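Me: I have a protein model open and would like to talk it through. Could you help me find my way around?

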Amino acid sequence: MAISVVNASAQTPVPAAIAAPGETIVLTVHAEGAQVYECKAGADGKLAFAFREPIATLIVDGKTVGRHYAGPNWEHSDGSAVTAKAAGNAPGATSDDIPWLKLEATANRGSGALSNVTTVQRINTKGGKLEGPCEKAGTFKSAPYAADYVFLRKN
């Protein structure tokens, strides 16, 4: 069944800023969770929400197959995992949507689905953005979000 998910998501056109030409899709998952923000003083001394970490469940065909958390890390239920760093971004569909991202793998572990991943794309984002002033440093607020993550490898 994962093949149908991969093929459906492969049809989503991605902006050049997050494209991964010459790479092959390994797995596509849907994520449901939250972007967590912390109230911090900015360079100007004013308190504002700053991104801290994601917390999400990874889903394929309605079944939980892993989790996404600070790092950023993606962990598959088969024991494989990938850590990555941002390498490109494009705006989400609305002003409430976090950006689409291209992330380059910095580490892999395990021998399952994510063990050979070289690039992760975050696409089809919904929600997750939180901006503006906050009252008390050290307080946290979560913004619900959904996205699709496309895991790719070099050929």
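The conversation below goes through the strands, the cores, the empty spaces and some single residues.

Me: What kind of model is this?
Reply: The model is predicted.

Me: Let us begin with the strands, then. How many bridges join E1 to E2?
Reply: E1 and E2 are joined by twelve bridges and run antiparallel. One pair to look for is Ala-41, whose bridge partner in E2 is Leu-47.

Me: And what is the turn there like? How many residues lie between the strands in that hairpin?
Reply: The hairpin of E1 and E2 has five residues between the strands, and one residue to note is Gly-45, which takes a positive phi near 85 degrees.

Me: Which way do E2 and E3 run, parallel or antiparallel?
Reply: E2 and strand E3, which covers residues 63-69, run antiparallel, with five bridges joining them. Leu-58 stands opposite Gly-66 in E3. E2 and E3 also form a hairpin, with two residues between them.

Me: What is Asp-61 doing in that turn?
Reply: Asp-61 has a phi near 50 degrees, which is a positive value in a residue other than glycine. Asp-61 belongs to the loop between E2 and E3. With a relative accessible area of 36%, Asp-61 is partly exposed, because partly exposed covers the range between under 20% for buried and over 50% for exposed.

Me: Is there another residue like that? Which residue in E7 should I look at?
Reply: Look at Asn-124, which lies in strand E7. Asn-124 is not a glycine, yet has a positive phi of about 50 degrees. Its relative accessible area is 25%, so Asn-124 is partly exposed.

Me: While we are at E7, how many bridges join E6 to E7?
Reply: Four bridges join E6 to strand E7, residues 119-127, and these strands run antiparallel. In E7, Arg-122 is the bridge partner of Leu-101. E6 is also joined to E5, by nine bridges and again in an antiparallel arrangement. There, Val-82 stands opposite Asn-108 in E6.

Me: Now the inside. Which residues have the most contacts inside the largest nonpolar core?
Reply: They are Val-29, Trp-74, Val-120, Tyr-149 and Phe-151, in a core of 26 residues. The elements giving two or more residues to this core are E1 (23-41), E2 (47-60), E5 (81-90), E6 (100-109) and E8 (140-154). A second, separate core has seven residues, including Trp-100, Ile-123, Val-150 and Leu-152.

Me: Why do such side chains gather at all?
Reply: In soluble globular proteins, nonpolar side chains tend to be buried together.

Me: What does Phe-151 touch?
Reply: Leaving aside residues up to four places away in sequence, Phe-151 touches a set of residues including Ile-25, Leu-27, Val-29, Trp-74, Val-82, Leu-114 and Val-120.

Me: Is any space left inside? How many cavities of 30 Å³ or more does the structure hold?
Reply: The structure holds one cavity of 30 Å³ or more, and about 30 Å³ of space lies in the largest cavity. The lining of the largest cavity consists of Leu-27, Val-29, Leu-58, Val-65, His-76, Leu-114 and Phe-151. By class, that lining has six nonpolar residues, one polar and no charged.

Me: And what about pockets? Which residues lie nearest the centre of the largest pocket?
Reply: Of the 17 residues that line the largest pocket, Phe-51, Pro-72, Leu-101, Leu-103 and Arg-122 lie nearest its centre. The volume of this pocket is about 220 Å³. E2 gives the most to the lining, with four residues. The lining divides into eleven nonpolar, three polar and three charged residues.

Me: Pro-72 came up there. Where does Pro-72 lie, and what is its peptide bond like?
Reply: Pro-72 lies in the loop between E3 and strand E4 (73-76). The peptide bond from Gly-71 to Pro-72 is cis, with omega near -10 degrees.

Me: One more proline, please. Is Pro-133 buried or exposed?
Reply: Pro-133 has a relative accessibility of 70%, so it counts as exposed. Pro-133 is found in the loop between E7 and E8. Apart from residues up to four places away in sequence, Pro-133 touches Leu-47, Ala-48 and Phe-49. Pro-133 and Gln-121 are twelve residues apart along the chain, and their C-alpha atoms are separated by 30 Å.

Key: Residues are numbered from 1 along each chain as its sequence is written. This is a predicted model: local features need pLDDT of at least 70, side-chain atom pairs count only at pLDDT 80 or more; totals for chains, interfaces and linings use all residues. Side-chain values use heavy atoms; hydrogens and water are left out. A nonpolar core is a set of buried Ala, Val, Leu, Ile, Met, Phe, Trp, Tyr and Cys residues joined through side-chain atoms within 4.5 Å. Buried means under 20% relative accessible area, exposed over 50%, partly exposed in between (1.4 Å probe, protein chains only). Contact means heavy atoms within 4.5 Å. On a 1 Å grid over the protein atoms alone, a cavity is a set of points where a 1.4 Å probe fits but cannot get out, and a pocket is an open set with protein on both sides within 12 Å along at least five of seven lines; lining residues have an atom within 4 Å of a point. Grid points are joined across faces, edges and corners, and a volume is the space filled by probe spheres set on the points. Ala, Val, Leu, Ile, Met, Phe, Trp, Tyr, Cys and Pro count as nonpolar, Asp, Glu, Lys and Arg as charged, and the others, Gly among them, as polar. Two strands pair if DSSP finds at least two bridges between them.
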